[in-house]
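Colleague: Could you take me through one part of this model slowly? I would like to start from a single side chain and work outwards.

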Amino acid sequence: MTQKLETAESSTEWRFTWESQSHIPTLRLFLFNSSVFPSTQCHNLTVHLSLPHSLLLLTWTADAAVVSLCVPMPRVLLDDESPVRFKALDDHIEVKLALLLPVDHSIVLNFESLLSLGEMRLDEDEDNGSKPLSVDSDVKSLSSRREVHFYCRSCSYKLTASSLSTFVEMPSVNWREVADNWFGNCCCSFGEVSEKLVAGYVNSYTSKMGVCLMSSTNITLCKDDLVGCEFPDSGVCERRANESDASGECGPKESKLAPGSNVGCNEIPKSENKEKYVDANCKSDATEDEDKSEGAPHRCLESDCSVSESRKERDGDCDDMESHAQNYDDKCCSHHLSNSSSEQNTEILKNHKSLLNGYLENIFMVRSSNLSVDVEWVEFFCPHCSSILGAYPCDNGGRLIDGGVRLFKCNIATSLPVGGTRDVFRKYTLERMFANQLLECAKDQLSYRTVVKDLKLRSPMLQIVLINTNSWSGTGHCLATQGNTEPVPKIDLHPVIKVLFSECSSSTEAQLRMLEDSVTKDVVEEVFMLTHQIEELIKFLSARRDTLPPSCASLEGLSLSSIPM
(Lines give C-alpha, C1' and ligand atoms only; values in the text may rest on other atoms or scores of the structure.)
Protein backbone atom coordinates (compact mmCIF):
# COMPACT_ATOMS: atom_id res chain seq x y z
CA MET A 1 0.00 0.00 0.00
CA THR A 2 1.44 3.34 -1.09
CA GLN A 3 1.20 6.21 1.33
CA LYS A 4 1.60 9.90 0.68
CA LEU A 5 1.39 13.05 2.76
CA GLU A 6 -1.16 15.80 2.27
CA THR A 7 0.17 18.49 -0.11
CA ALA A 8 0.35 22.18 0.70
CA GLU A 9 -2.31 22.94 -1.90
CA SER A 10 -4.90 20.54 -0.49
CA SER A 11 -4.13 21.51 3.10
CA THR A 12 -5.42 25.05 2.50
CA GLU A 13 -8.84 23.55 1.87
CA TRP A 14 -8.94 22.72 5.57
CA ARG A 15 -10.04 25.60 7.75
CA PHE A 16 -9.65 25.90 11.50
CA THR A 17 -11.26 28.02 14.20
CA TRP A 18 -10.01 28.28 17.78
CA GLU A 19 -12.62 29.18 20.38
CA SER A 20 -12.69 29.77 24.10
CA GLN A 21 -15.06 31.26 26.64
CA SER A 22 -14.28 33.90 29.22
CA HIS A 23 -13.64 32.45 32.71
CA ILE A 24 -13.52 28.86 31.35
CA PRO A 25 -10.02 27.27 31.06
CA THR A 26 -10.75 25.26 27.91
CA LEU A 27 -9.62 25.86 24.31
CA ARG A 28 -11.57 24.22 21.46
CA LEU A 29 -10.51 23.66 17.87
CA PHE A 30 -12.91 23.18 14.95
CA LEU A 31 -11.19 21.69 11.89
CA PHE A 32 -13.29 21.18 8.76
CA ASN A 33 -13.30 20.74 5.01
CA SER A 34 -16.53 20.95 3.00
CA SER A 35 -15.55 17.96 0.84
CA VAL A 36 -14.46 15.63 3.69
CA PHE A 37 -16.60 13.74 6.20
CA PRO A 38 -14.21 12.97 9.10
CA SER A 39 -16.41 10.42 10.88
CA THR A 40 -16.21 8.04 7.91
CA GLN A 41 -13.09 9.15 6.03
CA CYS A 42 -10.54 10.01 8.73
CA HIS A 43 -9.20 6.76 10.18
CA ASN A 44 -6.54 6.30 12.87
CA LEU A 45 -6.70 9.97 13.88
CA THR A 46 -3.86 11.16 16.10
CA VAL A 47 -3.16 14.60 17.58
CA HIS A 48 0.18 15.85 18.92
CA LEU A 49 1.33 19.15 20.41
CA SER A 50 4.52 20.77 19.14
CA LEU A 51 4.95 23.45 21.78
CA PRO A 52 8.38 24.75 20.61
CA HIS A 53 6.84 25.57 17.21
CA SER A 54 3.39 26.56 18.54
CA LEU A 55 1.75 23.97 16.30
CA LEU A 56 -0.87 21.26 16.64
CA LEU A 57 -0.13 18.24 14.41
CA LEU A 58 -2.97 16.03 13.16
CA THR A 59 -2.48 12.81 11.21
CA TRP A 60 -4.92 10.23 9.83
CA THR A 61 -5.29 7.78 6.98
CA ALA A 62 -7.82 8.14 4.18
CA ASP A 63 -8.05 6.14 0.95
CA ALA A 64 -4.63 4.50 1.32
CA ALA A 65 -3.00 7.88 1.99
CA VAL A 66 -1.58 9.52 5.09
CA VAL A 67 -2.94 12.98 5.70
CA SER A 68 -0.95 15.28 7.94
CA LEU A 69 -1.87 18.86 8.82
CA CYS A 70 -0.43 21.61 11.00
CA VAL A 71 -2.63 24.07 12.87
CA PRO A 72 -1.02 27.26 14.28
CA MET A 73 -1.79 27.74 17.96
CA PRO A 74 -2.82 30.98 19.66
CA ARG A 75 -0.97 32.53 22.60
CA VAL A 76 -2.40 30.73 25.63
CA LEU A 77 -1.14 29.03 28.79
CA LEU A 78 -1.67 25.30 28.22
CA ASP A 79 -1.87 22.67 30.91
CA ASP A 80 0.59 20.16 29.42
CA GLU A 81 -0.27 17.55 32.05
CA SER A 82 -3.85 17.28 30.85
CA PRO A 83 -4.58 14.91 27.97
CA VAL A 84 -5.55 16.19 24.53
CA ARG A 85 -9.15 15.22 23.76
CA PHE A 86 -10.33 14.91 20.17
CA LYS A 87 -12.99 13.24 18.05
CA ALA A 88 -14.01 13.02 14.39
CA LEU A 89 -17.61 14.10 13.76
CA ASP A 90 -19.74 14.15 10.62
CA ASP A 91 -18.46 17.42 9.18
CA HIS A 92 -15.53 18.43 11.38
CA ILE A 93 -12.79 17.34 13.76
CA GLU A 94 -13.00 18.75 17.29
CA VAL A 95 -10.01 19.06 19.64
CA LYS A 96 -10.13 20.23 23.26
CA LEU A 97 -7.13 21.49 25.22
CA ALA A 98 -7.01 22.32 28.92
CA LEU A 99 -5.68 25.72 29.96
CA LEU A 100 -3.99 26.83 33.15
CA LEU A 101 -5.83 30.14 33.03
CA PRO A 102 -8.79 31.42 30.96
CA VAL A 103 -7.92 33.44 27.88
CA ASP A 104 -9.32 36.66 29.35
CA HIS A 105 -7.29 36.44 32.56
CA SER A 106 -5.13 39.51 33.16
CA ILE A 107 -1.98 37.40 33.36
CA VAL A 108 -2.70 35.84 29.97
CA LEU A 109 -3.53 39.18 28.39
CA ASN A 110 -0.30 40.72 29.65
CA PHE A 111 2.08 37.81 30.07
CA GLU A 112 4.32 39.00 27.23
CA SER A 113 4.73 42.28 29.08
CA LEU A 114 6.02 40.25 31.99
CA LEU A 115 8.62 38.84 29.61
CA SER A 116 9.82 42.37 28.73
CA LEU A 117 8.07 42.28 25.37
CA GLY A 118 5.33 44.67 26.40
CA GLU A 119 6.30 47.54 24.16
CA MET A 120 6.31 45.43 21.00
CA ARG A 121 3.06 43.77 21.97
CA LEU A 122 1.42 47.12 22.67
CA ASP A 123 2.14 48.26 19.12
CA GLU A 124 0.70 45.05 17.77
CA ASP A 125 -2.46 45.52 19.80
CA GLU A 126 -2.85 49.00 18.36
CA ASP A 127 -2.49 47.65 14.82
CA ASN A 128 -4.79 44.65 15.09
CA GLY A 129 -7.50 46.62 16.89
CA SER A 130 -7.72 44.43 19.98
CA LYS A 131 -8.09 47.39 22.32
CA PRO A 132 -11.66 48.61 22.98
CA LEU A 133 -13.04 51.61 21.16
CA SER A 134 -12.92 54.73 23.33
CA VAL A 135 -14.23 58.24 22.63
CA ASP A 136 -12.10 59.68 25.40
CA SER A 137 -8.96 58.19 23.86
CA ASP A 138 -9.93 59.57 20.44
CA VAL A 139 -10.47 63.07 21.81
CA LYS A 140 -7.13 63.05 23.64
CA SER A 141 -5.25 61.72 20.62
CA LEU A 142 -6.70 64.26 18.22
CA SER A 143 -6.45 67.17 20.67
CA SER A 144 -2.74 66.50 21.11
CA ARG A 145 -2.20 67.31 17.44
CA ARG A 146 -2.15 70.89 16.28
CA GLU A 147 -3.77 70.30 12.92
CA VAL A 148 -6.12 67.50 11.89
CA HIS A 149 -7.77 66.87 8.53
CA PHE A 150 -10.32 64.19 7.77
CA TYR A 151 -10.13 61.93 4.71
CA CYS A 152 -12.39 59.50 2.92
CA ARG A 153 -11.31 55.99 3.85
CA SER A 154 -12.14 54.63 0.39
CA CYS A 155 -10.25 57.08 -1.84
CA SER A 156 -8.13 59.18 0.61
CA TYR A 157 -9.85 62.37 -0.57
CA LYS A 158 -9.36 65.28 1.86
CA LEU A 159 -12.79 66.29 3.14
CA THR A 160 -11.96 69.34 5.25
CA ALA A 161 -11.17 72.77 3.82
CA SER A 162 -8.90 73.71 6.72
CA SER A 163 -7.41 71.88 9.66
CA LEU A 164 -9.32 71.44 12.91
CA SER A 165 -7.85 71.73 16.38
CA THR A 166 -10.89 71.73 18.70
CA PHE A 167 -12.49 68.40 19.62
CA VAL A 168 -15.43 68.09 22.02
CA GLU A 169 -16.93 64.84 23.30
CA MET A 170 -20.70 64.67 22.96
CA PRO A 171 -22.88 63.66 25.93
CA SER A 172 -24.29 60.16 26.26
CA VAL A 173 -27.69 59.25 24.82
CA ASN A 174 -29.50 59.26 28.16
CA TRP A 175 -27.88 62.41 29.59
CA ARG A 176 -31.21 64.24 29.99
CA GLU A 177 -32.55 61.53 32.31
CA VAL A 178 -30.03 62.60 34.95
CA ALA A 179 -30.31 66.34 34.33
CA ASP A 180 -32.60 66.82 37.37
CA ASN A 181 -29.83 65.47 39.60
CA TRP A 182 -27.47 68.31 38.71
CA PHE A 183 -29.21 70.62 41.24
CA GLY A 184 -29.77 68.66 44.39
CA ASN A 185 -29.29 71.67 46.74
CA CYS A 186 -30.62 74.51 44.59
CA CYS A 187 -32.51 77.17 46.60
CA CYS A 188 -34.89 78.20 43.82
CA SER A 189 -37.41 76.49 41.58
CA PHE A 190 -36.09 72.99 41.10
CA GLY A 191 -37.84 72.11 37.84
CA GLU A 192 -37.45 75.49 36.17
CA VAL A 193 -33.74 75.73 36.82
CA SER A 194 -33.22 72.19 35.57
CA GLU A 195 -35.06 73.00 32.34
CA LYS A 196 -32.94 76.10 31.85
CA LEU A 197 -29.83 74.05 32.45
CA VAL A 198 -30.96 71.50 29.87
CA ALA A 199 -31.71 74.28 27.37
CA GLY A 200 -28.33 75.93 27.78
CA TYR A 201 -26.57 72.60 27.65
CA VAL A 202 -28.30 71.52 24.44
CA ASN A 203 -27.72 74.85 22.72
CA SER A 204 -24.02 74.77 23.59
CA TYR A 205 -23.50 71.62 21.51
CA THR A 206 -23.86 73.30 18.16
CA SER A 207 -22.07 72.85 14.87
CA LYS A 208 -19.34 75.47 14.86
CA MET A 209 -16.80 76.10 12.17
CA GLY A 210 -13.45 74.63 13.19
CA VAL A 211 -15.00 72.46 15.93
CA CYS A 212 -15.39 68.67 15.75
CA LEU A 213 -18.06 67.10 17.98
CA MET A 214 -17.29 63.45 18.72
CA SER A 215 -19.47 60.54 19.82
CA SER A 216 -18.83 56.83 20.10
CA THR A 217 -19.64 56.15 16.44
CA ASN A 218 -19.54 59.41 14.50
CA ILE A 219 -18.19 62.92 14.40
CA THR A 220 -20.13 66.09 13.60
CA LEU A 221 -18.56 68.76 11.41
CA CYS A 222 -19.96 72.09 10.31
CA LYS A 223 -20.98 71.88 6.67
CA ASP A 224 -18.84 74.95 5.93
CA ASP A 225 -15.74 72.99 7.00
CA LEU A 226 -16.28 70.46 4.19
CA VAL A 227 -15.02 70.98 0.66
CA GLY A 228 -16.68 70.08 -2.64
CA CYS A 229 -20.09 69.46 -1.03
CA GLU A 230 -23.50 70.99 -1.73
CA PHE A 231 -26.38 71.03 0.70
CA PRO A 232 -30.03 72.12 0.67
CA ASP A 233 -31.05 75.60 1.84
CA SER A 234 -30.30 75.94 5.51
CA GLY A 235 -29.05 78.12 8.27
CA VAL A 236 -25.32 78.23 8.84
CA CYS A 237 -22.85 77.07 11.42
CA GLU A 238 -21.63 79.23 14.25
CA ARG A 239 -18.08 80.47 13.91
CA ARG A 240 -15.43 79.65 16.47
CA ALA A 241 -15.56 81.65 19.67
CA ASN A 242 -12.12 83.17 19.11
CA GLU A 243 -13.21 84.86 15.89
CA SER A 244 -14.11 88.52 16.15
CA ASP A 245 -17.60 88.14 14.63
CA ALA A 246 -18.64 85.11 16.66
CA SER A 247 -21.52 86.90 18.34
CA GLY A 248 -22.75 88.54 15.17
CA GLU A 249 -23.65 85.45 13.19
CA CYS A 250 -27.20 84.49 12.39
CA GLY A 251 -28.85 82.32 9.80
CA PRO A 252 -29.54 83.97 6.46
CA LYS A 253 -33.04 84.57 5.25
CA GLU A 254 -34.54 82.17 2.77
CA SER A 255 -34.44 84.71 -0.05
CA LYS A 256 -30.66 85.04 0.28
CA LEU A 257 -29.98 81.30 -0.03
CA ALA A 258 -29.05 79.76 -3.36
CA PRO A 259 -30.68 76.33 -3.75
CA GLY A 260 -28.20 73.46 -3.40
CA SER A 261 -25.26 75.67 -2.45
CA ASN A 262 -22.90 76.00 0.51
CA VAL A 263 -23.43 79.59 1.56
CA GLY A 264 -21.40 81.65 3.96
CA CYS A 265 -22.70 83.23 7.14
CA ASN A 266 -24.32 86.63 6.64
CA GLU A 267 -23.24 89.29 9.07
CA ILE A 268 -25.53 91.91 10.56
CA PRO A 269 -24.36 95.25 9.06
CA LYS A 270 -25.02 97.39 12.11
CA SER A 271 -24.01 96.16 15.53
CA GLU A 272 -26.58 98.40 17.25
CA ASN A 273 -29.39 96.60 15.39
CA LYS A 274 -27.98 93.18 16.07
CA GLU A 275 -29.87 92.45 19.27
CA LYS A 276 -33.13 93.74 17.89
CA TYR A 277 -32.74 91.70 14.73
CA VAL A 278 -32.02 88.44 16.55
CA ASP A 279 -34.68 88.92 19.21
CA ALA A 280 -37.29 89.51 16.54
CA ASN A 281 -36.37 86.34 14.73
CA CYS A 282 -36.27 84.24 17.87
CA LYS A 283 -39.57 85.65 19.07
CA SER A 284 -41.27 84.95 15.77
CA ASP A 285 -39.98 81.39 15.76
CA ALA A 286 -41.08 80.82 19.33
CA THR A 287 -44.63 82.22 18.85
CA GLU A 288 -45.41 80.92 15.36
CA ASP A 289 -48.12 78.32 14.91
CA GLU A 290 -46.81 74.79 14.57
CA ASP A 291 -48.53 74.42 11.21
CA LYS A 292 -46.91 77.57 9.88
CA SER A 293 -43.50 76.82 11.28
CA GLU A 294 -43.22 73.52 9.44
CA GLY A 295 -42.73 75.25 6.11
CA ALA A 296 -40.73 78.21 7.39
CA PRO A 297 -36.96 78.42 7.25
CA HIS A 298 -35.10 77.82 10.52
CA ARG A 299 -33.51 81.23 10.92
CA CYS A 300 -32.76 81.16 14.61
CA LEU A 301 -29.95 78.62 14.96
CA GLU A 302 -27.70 77.45 17.75
CA SER A 303 -25.33 80.03 16.36
CA ASP A 304 -27.63 82.87 17.43
CA CYS A 305 -25.69 85.76 18.84
CA SER A 306 -28.26 86.15 21.59
CA VAL A 307 -27.62 82.64 22.77
CA SER A 308 -23.86 83.08 22.57
CA GLU A 309 -23.98 86.32 24.53
CA SER A 310 -26.33 84.93 27.17
CA ARG A 311 -24.07 81.92 27.62
CA LYS A 312 -21.05 84.15 28.08
CA GLU A 313 -22.86 86.35 30.63
CA ARG A 314 -24.38 83.42 32.46
CA ASP A 315 -21.75 80.76 32.71
CA GLY A 316 -18.89 81.43 30.32
CA ASP A 317 -17.58 78.56 28.26
CA CYS A 318 -20.07 75.71 28.00
CA ASP A 319 -17.97 72.86 26.72
CA ASP A 320 -18.85 70.06 29.11
CA MET A 321 -21.42 68.89 31.61
CA GLU A 322 -19.33 69.65 34.66
CA SER A 323 -18.83 73.31 33.79
CA HIS A 324 -22.55 73.68 33.08
CA ALA A 325 -23.52 72.20 36.40
CA GLN A 326 -21.05 74.33 38.38
CA ASN A 327 -21.96 77.60 36.71
CA TYR A 328 -25.69 77.10 37.07
CA ASP A 329 -25.25 76.00 40.65
CA ASP A 330 -23.41 79.24 41.50
CA LYS A 331 -25.73 81.64 39.67
CA CYS A 332 -29.06 79.86 39.50
CA CYS A 333 -30.88 82.33 41.76
CA SER A 334 -29.80 85.41 39.87
CA HIS A 335 -30.54 83.62 36.63
CA HIS A 336 -34.03 82.78 37.92
CA LEU A 337 -34.68 86.48 38.55
CA SER A 338 -33.37 87.62 35.16
CA ASN A 339 -35.51 89.50 32.66
CA SER A 340 -37.79 87.91 30.11
CA SER A 341 -35.26 88.33 27.32
CA SER A 342 -32.72 86.15 29.14
CA GLU A 343 -35.40 83.57 29.86
CA GLN A 344 -36.26 83.46 26.19
CA ASN A 345 -32.63 82.81 25.31
CA THR A 346 -32.52 79.76 27.58
CA GLU A 347 -35.29 78.00 25.67
CA ILE A 348 -34.18 75.09 23.53
CA LEU A 349 -33.84 76.35 20.01
CA LYS A 350 -36.44 75.09 17.57
CA ASN A 351 -34.02 73.24 15.34
CA HIS A 352 -32.55 71.35 18.31
CA LYS A 353 -35.82 70.11 19.80
CA SER A 354 -36.07 67.22 17.38
CA LEU A 355 -32.40 66.40 17.95
CA LEU A 356 -32.60 66.58 21.71
CA ASN A 357 -32.21 62.94 22.71
CA GLY A 358 -30.35 60.24 20.81
CA TYR A 359 -29.78 62.35 17.72
CA LEU A 360 -27.71 64.73 19.79
CA GLU A 361 -25.16 61.96 20.36
CA ASN A 362 -25.49 59.06 17.94
CA ILE A 363 -27.22 58.38 14.63
CA PHE A 364 -25.34 55.20 13.75
CA MET A 365 -27.94 53.09 15.56
CA VAL A 366 -31.11 54.95 16.51
CA ARG A 367 -33.54 53.62 19.07
CA SER A 368 -37.27 53.96 18.57
CA SER A 369 -37.55 56.34 21.55
CA ASN A 370 -35.24 58.78 19.76
CA LEU A 371 -37.00 58.84 16.41
CA SER A 372 -38.64 62.03 15.20
CA VAL A 373 -41.11 62.51 12.39
CA ASP A 374 -39.76 66.04 11.99
CA VAL A 375 -36.29 64.84 10.98
CA GLU A 376 -35.27 63.11 7.78
CA TRP A 377 -31.72 61.81 7.57
CA VAL A 378 -30.08 62.22 4.18
CA GLU A 379 -27.05 60.10 3.30
CA PHE A 380 -23.83 62.03 2.75
CA PHE A 381 -21.43 60.75 0.08
CA CYS A 382 -17.80 61.44 -0.71
CA PRO A 383 -17.66 64.14 -3.41
CA HIS A 384 -14.79 62.28 -5.11
CA CYS A 385 -15.65 58.54 -5.08
CA SER A 386 -19.34 58.68 -4.03
CA SER A 387 -18.86 56.19 -1.18
CA ILE A 388 -21.15 56.76 1.78
CA LEU A 389 -19.55 58.71 4.64
CA GLY A 390 -22.42 59.64 6.95
CA ALA A 391 -25.68 61.57 7.03
CA TYR A 392 -27.14 64.97 7.84
CA PRO A 393 -30.59 65.94 9.23
CA CYS A 394 -33.19 67.80 7.17
CA ASP A 395 -36.65 69.04 8.06
CA ASN A 396 -39.81 68.01 6.26
CA GLY A 397 -39.17 70.71 3.69
CA GLY A 398 -35.79 69.25 2.79
CA ARG A 399 -33.69 71.97 4.45
CA LEU A 400 -30.59 71.17 6.52
CA ILE A 401 -31.57 71.62 10.16
CA ASP A 402 -28.50 72.46 12.22
CA GLY A 403 -25.67 72.89 9.72
CA GLY A 404 -23.93 69.76 11.03
CA VAL A 405 -22.88 66.72 8.99
CA ARG A 406 -22.39 63.42 10.83
CA LEU A 407 -19.52 61.31 9.52
CA PHE A 408 -19.17 57.69 10.66
CA LYS A 409 -15.75 56.84 12.07
CA CYS A 410 -15.61 53.58 10.14
CA ASN A 411 -15.77 55.52 6.85
CA ILE A 412 -13.18 58.23 7.45
CA ALA A 413 -9.52 58.59 8.44
CA THR A 414 -7.66 61.23 10.43
CA SER A 415 -4.37 61.07 8.50
CA LEU A 416 -2.66 59.53 5.50
CA PRO A 417 -1.99 56.80 4.71
CA VAL A 418 -5.44 55.49 5.57
CA GLY A 419 -5.14 52.85 8.29
CA GLY A 420 -1.62 53.92 9.22
CA THR A 421 -0.33 54.24 12.75
CA ARG A 422 -1.32 57.92 12.91
CA ASP A 423 -4.88 57.23 11.79
CA VAL A 424 -6.83 57.47 15.05
CA PHE A 425 -9.92 55.83 13.52
CA ARG A 426 -8.09 52.84 12.02
CA LYS A 427 -9.59 50.54 14.70
CA TYR A 428 -13.15 51.44 13.76
CA THR A 429 -15.07 49.10 11.48
CA LEU A 430 -18.77 48.85 10.78
CA GLU A 431 -19.05 45.51 12.53
CA ARG A 432 -17.12 46.57 15.65
CA MET A 433 -19.22 49.70 16.02
CA PHE A 434 -22.39 47.63 15.57
CA ALA A 435 -21.28 45.07 18.17
CA ASN A 436 -20.57 47.76 20.76
CA GLN A 437 -23.89 49.49 20.14
CA LEU A 438 -25.75 46.18 20.25
CA LEU A 439 -24.23 45.35 23.64
CA GLU A 440 -25.05 48.80 24.98
CA CYS A 441 -28.63 48.48 23.80
CA ALA A 442 -28.95 45.02 25.37
CA LYS A 443 -27.66 46.26 28.72
CA ASP A 444 -29.98 49.28 28.76
CA GLN A 445 -33.11 47.52 27.56
CA LEU A 446 -32.43 44.05 29.06
CA SER A 447 -33.37 42.56 25.70
CA TYR A 448 -31.23 40.16 23.70
CA ARG A 449 -33.46 40.12 20.64
CA THR A 450 -33.23 43.04 18.23
CA VAL A 451 -34.81 43.85 14.91
CA VAL A 452 -32.88 46.30 12.73
CA LYS A 453 -35.11 48.50 10.58
CA ASP A 454 -34.46 50.85 7.72
CA LEU A 455 -34.17 54.41 9.02
CA LYS A 456 -36.19 55.91 6.16
CA LEU A 457 -38.80 53.28 5.33
CA ARG A 458 -39.14 51.90 8.90
CA SER A 459 -39.28 48.37 7.45
CA PRO A 460 -37.51 45.41 9.14
CA MET A 461 -34.38 44.16 7.38
CA LEU A 462 -32.41 42.13 9.93
CA GLN A 463 -33.24 40.12 13.06
CA ILE A 464 -30.49 39.62 15.64
CA VAL A 465 -30.46 37.39 18.74
CA LEU A 466 -27.55 37.91 21.11
CA ILE A 467 -26.57 34.53 22.57
CA ASN A 468 -23.00 34.87 23.87
CA THR A 469 -21.00 37.95 24.80
CA ASN A 470 -18.01 36.16 26.32
CA SER A 471 -16.40 34.36 23.39
CA TRP A 472 -12.86 34.60 22.05
CA SER A 473 -12.05 33.39 18.58
CA GLY A 474 -9.33 33.12 15.94
CA THR A 475 -9.50 31.50 12.51
CA GLY A 476 -7.35 30.64 9.49
CA HIS A 477 -6.27 27.91 7.07
CA CYS A 478 -4.16 24.85 7.87
CA LEU A 479 -0.55 24.23 6.84
CA ALA A 480 0.98 21.15 5.26
CA THR A 481 3.72 19.32 7.11
CA GLN A 482 5.73 18.85 3.90
CA GLY A 483 6.64 21.37 1.22
CA ASN A 484 5.66 24.38 3.29
CA THR A 485 8.33 27.10 3.30
CA GLU A 486 6.24 29.94 4.70
CA PRO A 487 6.66 30.97 8.35
CA VAL A 488 4.03 29.83 10.81
CA PRO A 489 1.36 32.55 10.97
CA LYS A 490 0.60 34.14 14.30
CA ILE A 491 -2.90 33.44 15.60
CA ASP A 492 -4.49 35.79 18.11
CA LEU A 493 -7.76 35.26 19.91
CA HIS A 494 -10.05 38.27 19.79
CA PRO A 495 -13.22 38.95 21.80
CA VAL A 496 -16.38 38.39 19.77
CA ILE A 497 -20.09 38.25 20.40
CA LYS A 498 -22.06 35.31 19.05
CA VAL A 499 -25.40 36.05 17.45
CA LEU A 500 -28.20 34.32 15.62
CA PHE A 501 -29.48 36.28 12.66
CA SER A 502 -31.93 36.14 9.79
CA GLU A 503 -32.53 38.43 6.86
CA CYS A 504 -36.11 39.68 6.97
CA SER A 505 -36.39 39.81 3.18
CA SER A 506 -36.59 36.00 3.23
CA SER A 507 -39.25 35.94 5.98
CA THR A 508 -42.87 35.13 5.26
CA GLU A 509 -45.71 37.54 6.01
CA ALA A 510 -46.70 35.45 9.01
CA GLN A 511 -43.16 35.61 10.40
CA LEU A 512 -43.04 39.37 9.91
CA ARG A 513 -46.37 39.77 11.72
CA MET A 514 -45.05 37.70 14.63
CA LEU A 515 -41.93 39.86 14.69
CA GLU A 516 -43.97 43.06 14.80
CA ASP A 517 -46.14 41.62 17.58
CA SER A 518 -42.99 40.87 19.58
CA VAL A 519 -41.85 44.47 19.12
CA THR A 520 -45.24 45.75 20.27
CA LYS A 521 -45.08 43.56 23.38
CA ASP A 522 -41.53 44.81 24.14
CA VAL A 523 -40.15 41.30 23.72
CA VAL A 524 -37.94 42.48 20.85
CA GLU A 525 -36.06 45.78 20.80
CA GLU A 526 -36.12 47.72 17.52
CA VAL A 527 -33.34 49.96 16.26
CA PHE A 528 -32.94 51.92 13.04
CA MET A 529 -29.96 52.25 10.70
CA LEU A 530 -29.23 53.44 7.19
CA THR A 531 -30.02 50.95 4.43
CA HIS A 532 -26.46 50.69 3.13
CA GLN A 533 -25.10 49.88 6.58
CA ILE A 534 -27.66 47.13 7.18
CA GLU A 535 -26.83 45.56 3.82
CA GLU A 536 -23.12 45.59 4.65
CA LEU A 537 -23.83 43.99 8.05
CA ILE A 538 -25.83 41.20 6.41
CA LYS A 539 -22.92 40.49 4.04
CA PHE A 540 -20.47 40.42 6.95
CA LEU A 541 -22.62 38.12 9.10
CA SER A 542 -23.15 35.75 6.19
CA ALA A 543 -19.40 35.61 5.50
CA ARG A 544 -18.61 34.87 9.16
CA ARG A 545 -20.81 31.79 9.02
CA ASP A 546 -17.95 30.07 7.19
CA THR A 547 -15.74 30.18 10.30
CA LEU A 548 -17.66 27.20 11.75
CA PRO A 549 -18.65 23.84 10.25
CA PRO A 550 -22.20 23.62 8.83
CA SER A 551 -23.48 21.58 11.80
CA CYS A 552 -22.52 24.45 14.14
CA ALA A 553 -23.65 27.34 11.93
CA SER A 554 -27.40 27.37 12.58
CA LEU A 555 -29.90 27.01 15.40
CA GLU A 556 -33.71 26.95 15.31
CA GLY A 557 -33.84 28.20 11.75
CA LEU A 558 -31.48 31.12 12.39
CA SER A 559 -27.89 31.38 11.17
CA LEU A 560 -25.10 31.48 13.75
CA SER A 561 -22.37 34.05 13.29
CA SER A 562 -19.96 36.19 15.31
CA ILE A 563 -19.00 39.85 15.39
CA PRO A 564 -15.64 41.15 16.68
CA MET A 565 -15.76 43.64 19.52
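What is the relative accessibility of R28, and what does R28 count as: buried, partly exposed or exposed?

Modeller: Happy to. R28 has a relative accessibility of 28%, so it counts as partly exposed; the cut-offs are under 20% relative accessible area for buried, over 50% for exposed and partly exposed in between, with a 1.4 Å probe and protein chains only. Before we go on, please keep in mind that this is a predicted model, in which local features need pLDDT of at least 70 and side-chain atom pairs count only at pLDDT 80 or more, while totals for chains, interfaces and linings use all residues. Residues are numbered from 1 along each chain as its sequence is written, and side-chain values use heavy atoms, with hydrogens and water left out.

Now to the partner of R28. Its side chain forms a salt bridge with E94, and the closest N and O atoms are 3.4 Å apart; the term means a side-chain nitrogen of Lys or Arg within 4 Å of a carboxyl oxygen of Asp or Glu. R28 belongs to strand β2 and E94 to strand β7 (residues 93-98), so the pair ties together parts that are 66 residues apart in sequence. Strands here are DSSP runs of E with at least two residues, helices are runs of H or I with at least four, and both are numbered from the N terminus. Unlike R28, which is partly exposed, E94 is buried, at a relative accessible area of 8%.

From R28 we can follow its strand. Strand β2 covers residues 26-32 and is joined to β1 by 6 bridges, the two running antiparallel; strands count as paired if DSSP finds at least two bridges between them. Within this pairing, F16 has L31 of β2 as its bridge partner. The link between β1 and β2 is a hairpin with 4 residues between the strands, and H23 in the turn has a positive phi of about 70 degrees.

Strand β1 has another neighbour as well: 7 bridges join it to strand β18 (residues 460-477), again antiparallel. There, E19 finds its bridge partner in S473. Of the 7 residues of β1 (residues 15-21), 5 are buried, so the strand is largely enclosed by the rest of the structure.

Moving further along the chain, we reach an open sheet of 4 strands in the order β3-β4-β5-β19, with antiparallel pairing. Its edges are β3 (43-50) and β19 (479-480); each has a single partner strand, so one side of each is left without a neighbour in the sheet. Inside the sheet, β4 (residues 55-62) and β5 (residues 65-72) pair in the antiparallel sense over 8 bridges, and W60 stands opposite V67 in β5.

Just as R28 meets E94, R75 forms a salt bridge with D492, with 3.3 Å between the closest N and O atoms. R75 sits in the loop between β5 and β6 (85-88) and D492 in the loop between β19 and β20 (494-503), so the pair ties together parts that are 417 residues apart in sequence. Here R75 is partly exposed, at 32% relative accessibility, while D492 is buried, with a relative accessible area of 14%.

One further pair is worth a look. D224 and K223 meet through their side chains in a salt bridge of 3.1 Å, N to O. D224 counts as buried at 19% relative accessibility, and K223 is buried too, with a relative accessible area of 1%. As for networks, R75, K490 and D492 are joined into one by salt bridges that share partners. The structure holds 11 salt bridges in total.

Another buried residue to visit is T450, which has a relative accessible area of 5% and is found in strand β17 (residues 449-454). Leaving aside residues up to four places away in sequence, T450 touches L438, L462, Q463, I464, V524, E525 and V527, where a contact means heavy atoms within 4.5 Å.

To place all this in the whole protein: its secondary structure comes to 15 helices and 23 strands, and buried residues make up 52% of its 565 residues. Among contacts with a separation of 6 or more, 68% are between residues 24 or more positions apart.
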